[in-house]
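Here are some short exercises to try with a protein model on your screen. Have a go at each task before you read its solution.

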Amino acid sequence: MAKKQFKAESKRLLDLMINSIYTHQEIFLRELISNASDAIDKLAYLALTDQKVGMNREDFAIDIRVDKKLGLLTVSDNGIGMSQEEMEQNLGTIAKSGSYQFKKELDKDQTDVDIIGQFGVGFYSAFMVADTVTVLSRKYGEDEAHMWQSSGTDGYTVTPCEKTTVGTDVILKLKADTDDEKYSRFLEQFELQNLVKKYSDYIRYPIRMEMEKSRRKPTPEGEEEDKDKAPEYETYTEIETLNSMVPVWQKPKKDVTDEEYERFYRDKFYDFEKPLAHIAISVEGAVTYKALLYIPAKAPYDFYTKDFKKGLQLYSSGVMIMDRCEDLIPDHFRFVRGVVDTADLSLNISREMLQHNRQLTIISNNLEKKIKAELLEMQKDRRKDYETFFAAFGRQIKFGIASDYGMHKDLLQDLLLFYSAKEKKQITLKEYVDAMPEAQKHIYYAAGESVGRLEQLPQYQRLSDKGFDVLFMTEDVDEFIPRTLMTYAEKDFRNLATDDLDLSSDEEKKAAEAAAAEWKDGLEFLKTSLDGRIVRAEVSPDLGSHPVCLIPEGGMSFEMEKYFQRVNPEMAMKVDKVLQINPEHPVLKKLRTLITEDPDQAKRYAQILYAQALILADLPIEDASAYTDLICGMMA
Ligand code: ADP
């Protein structure tokens, strides 16, 4: 019979598995058991909602069998099984979670084979220890069974076969022992028992194996026990359950090590990286539940796309009801992974009915508080970790604040970090306000593409001379934050580029008014010379040592203009520009004389000053060659 070929990417992974001189070969067993458990989950769930299945929770089990003579190791389950088509789909390609993730990681760093041990690589890991892998499976509801078989990269076959029970047997023909590798150890009961304990203890179905044991021979009936005779022993076999079946989240916190919590996370959520924090929760009350939550260190590659699905795994009395229950986690914390287990949900509830269920709402509100508390604690005690967190998910927190008309701002505002111009690091709003000098009345911020750019702002120099800190916002969503919050700790936000900075004393204000009056014709001249490019010119006392500056008018900032230009070019609007001048600057003084003495030259001055204001505002110069001509003309 013609062999079918593996898909290209699968073939690559398979190659790697077969040829790996891999020290963690033993994880293959965990992978097979985990697949078996998933398959049982599916049928157990079906059994809850469909009487016809006729199975109870106690009926499910995973069996491990060995045949030492033939070198066979079998992992069997009575789960949902696979149809012929599913076998081809699932075992012929890597499209599935574990293996696929693995491949992604692999692309980044081809040489680091050791990552295999860090998280699930799925079914293919069987080829690390087996020459031939045979899968017999009968799907629930079907009469026919099928056999999938492969000896590695040259392909696989699928043929009909006999199987009386529903479920799947995965049969490994172990590789022959070599000088370096003893594959036959996977036939030894103690080795297998240890591996199950080590990796699969929490699996919620019994993992059973026939164990050879020894006991003292009973004294035959009617005979007296002979005290002097050495006791005689006999061997017998007994089916034993190897795992404790208590999932990590059901165990009391004190009984679980951090390492165990981490391992569970990696196995369950296929994350190569260690989580930043775990939160083990046990609640008794209006709703009784246990939860185990994790805060990842890195955003999944699809996190900021619409493909990403948030949600926690939901169990009810040991049966998994839903893989990603969205109602358990609010959007702003959608990066949180974990499980929730409650007996308070009716067991034969349908997935649809779970939506907007009252108990789930209570749990979700509760979890939200716990997550926030955990994050604040990390912010306080483990700032480096918090910065890692914020680098990965800060954007999500910001979206959370800006969305729903600021409904969640009180919950989320203390989680924010912004770059402090003074401290040269990320700080919280609270830290900013606490450090404000008495004379400072507002929270100052500036938005732009980079810190380097923002440091050039004339207004920043003025503030920094006064000893006031400025928050530099360099991410596109940032500017929505002050607009949504409006105030923090009763201090309002002032945008360096657009708002009155409230820095001038009454005298200074008077002087500015006087200067404005003097400059009235000059300002008009500037506007006409610039030919519609500005809506107005005005005198500003806030420019420090700079001659000019551009500010937007009408509420939108230049950064927002750029943002909308990027995300939605058709709808983008032009922001009106106001040219501010510093009347004290020598160039402006010169300009004033030129306006009467040499209007043509004054016009050129106006154009150059405008171009410089564009540069400072990080805006493109509209006609660069005209600008250089202008400069060169004056230099020549
Ligand atoms: P993953 O478990 O990460 O999805 P695997 O490569 O381990 O990836 O398995 C691929 C798919 O094959 C599974 O998603 C499942 O659909 C199917 N499968 C594997 N083992 C079994 C099993 N024992 N019973 C039913 N289906 C299985």
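**Exercise 1.** Find what share of the residues of this predicted model count as buried.

*Solution.* Start with the total: the protein has 636 residues. Of these, 49% count as buried. Next, turn to the surface: the protein exposes about 32,000 Å², and carbon and sulfur atoms supply 49% of that area.

**Exercise 2.** Work out whether the protein is spread out or compact, using its radius of gyration.

*Solution.* Begin with the parts: there are 20 helices and 22 strands. The radius of gyration is 35 Å, whereas the globule rule gives 26 Å for 636 residues, so the protein is more spread out than a compact globule. Then look at the C-alpha trace, which spans about 130 × 60 × 50 Å along its principal axes. Finally, take the contacts between residues at least 6 apart in sequence: 71% of them join residues at least 24 apart.

**Exercise 3.** Describe the surroundings of Glu368 and find the nearest side chain of opposite charge.

*Solution.* First locate Glu368: it lies in helix H8, which covers residues 358-381. Leaving out residues up to four places away in sequence, Glu368 touches Pro330, His332, Phe333 and Leu411. Now check the charges. The nearest side chain of opposite charge is Lys369, 6.8 Å away. A salt bridge needs the charged atoms within 4 Å, and Glu368 has none although it is buried.

**Exercise 4.** Decide whether Cys161 and Cys549 are buried or partly exposed.

*Solution.* The cut-off for buried is under 20% relative accessible area. Cys549 has 5%, so it is buried. Cys161 has 21% relative accessibility, so it counts as partly exposed. As a last step, search the whole structure for disulfides: there are zero.

Definitions and conventions:
Residues numbered from 1 in each chain as written. Predicted model: local features only at pLDDT ≥ 70, side-chain atom pairs only at ≥ 80, totals over all residues. Heavy atoms only, no water. Helix = DSSP H or I, 4+ residues; strand = E, 2+ residues; numbered from the N terminus. Buried < 20%, exposed > 50% of the residue type's maximum accessible area, 1.4 Å probe, protein only. Lys, Arg positive; Asp, Glu negative; His and termini not counted. Contact = heavy atoms within 4.5 Å. Disulfide = S-S within 2.5 Å. Rg over C-alpha atoms; globule rule 2.2 N^0.38 Å. Areas by Shrake-Rupley, 256 points an atom, 1.4 Å probe, with all protein chains shown as cover.
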